[in-house]
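Q: Please take a close look at the helix that the predictor treats with the highest confidence, and set it in the context of the rest of the chain. A connected account would be welcome.

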Amino acid sequence: MKTRLCLIALTLAAAFGAHAQDNNGTPPPDGQAMHGQRRPPDPQERAQKLAKHLDLNAQQQAQVATILQTQQQKMQALRSGGAKGPDRRDQARAIMEDGDRQLQSVLSDSQRQRYLALKERAIEKRQEKQGTPEPSKPMPDASH
């Protein structure tokens with residue numbers, strides 16, 4: 001369950017960030033190429049998208065933006081910290097889960113339900129893109 005929650009959080013982050021990823025071929029602001037890496041999604045853009053999809057009020061949007069900014073800073077520190085392999089993956093998972101818990105604590109019950117639905121759709125979309133079947137649904141029978 002913990003792994004699925006992390007996967008959901010990571011997928012949502014990627015899904016909301018994917019739209020922000022289109023930089024029309026322009027280099028990162030510091031002028032350094034990222035050598036095949038994607039630019040991290042902008043926390044303000046993600047907060048605005050969540051505000052739109054979840055009907056967040058101004059206070060909620062500010063809280064969400066702060067949570068996403070902190071989460072991004074922690075992930076950047078982890079990337080530059082030198083941790084490798086499973087340890088780094090576990091730390092990243094913990095950062096994402098913590099951010100997700102904080103974010104959900106800001107939402108009302110109805111907003112939380114919409115947020116969870118968005119996360120589920122993001123997972124489905126990512127699995128379709130990767131050609132990976134959903135673990136909770138059986139594979140279609142090809143003999144029909």
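A: In this predicted model, α3 has the highest mean pLDDT among the elements of the protein, at 94, while helix α1 (residues 2–20) has the lowest, at 51. Across the whole protein the mean pLDDT is 77, and 63% of the residues reach 70 or more. Over residues 18–35 the value stays under 50, and the model has 12 contacts beyond four places in sequence for that stretch. Where pLDDT is low, the predicted coordinates should not be read in detail.

The setting of α3 is helical: the protein has 5 helices and 0 strands, in the order α-α-α-α-α along the sequence. Helix α3 covers residues 58–80. Its 23 residues, at 1.5 Å a residue, should span 33 Å, and this agrees with the 33 Å between its end C-alpha atoms.

Both ends of α3 have local features. At its start, a side-chain oxygen of N57 comes to within 3.1 Å of the backbone nitrogen of Q59. Just after the helix, G82 adopts a positive phi of about 95°.

Between these ends, the buried residues of α3 are Q60, V64, A65, I67, L68, Q71, Q72, M75 and L78. The cover over them includes α2, α4 and α5. In the protein as a whole, buried residues make up 34% of the 144 residues.

Some of these α3 residues also take part in nonpolar packing. In soluble globular proteins, nonpolar side chains tend to be buried together. The largest nonpolar core here has 14 residues, and those touching the most other members are L50, L54, L56, V64 and L103. Two or more residues of this core come from each of α2 (43–54), α3, α4 (85–106) and α5 (109–130). A second, separate core of 6 residues includes M75 and L78, together with A83 and A92.

Residue L103 shows how α3 is joined to its surroundings. Leaving aside neighbours within four places in sequence, L103 is in contact with V64, I67 and L68, which are buried residues of α3. The other contacts of L103 beyond that limit are with L50 and Y115. On the scale of the whole protein, residues 24 or more positions apart account for 63% of the contacts with a separation of 6 or more. The accessible surface of the protein comes to about 9600 Å², and carbon and sulfur atoms hold 52% of that area.

Definitions and conventions:
Residues numbered from 1 in each chain as written. Predicted model: local features only at pLDDT ≥ 70, side-chain atom pairs only at ≥ 80, totals over all residues. Heavy atoms only, no water. Core = buried A, V, L, I, M, F, W, Y, C linked by side-chain atoms within 4.5 Å. Buried < 20%, exposed > 50% of the residue type's maximum accessible area, 1.4 Å probe, protein only. Contact = heavy atoms within 4.5 Å. Areas by Shrake-Rupley, 256 points an atom, 1.4 Å probe, with all protein chains shown as cover. Expected span 1.5 Å × (residues − 1). Polar contact = N/O pair within 3.5 Å; in protein donor to acceptor, adjacent residues only side chain to side chain. pLDDT = per-residue confidence, 0-100.
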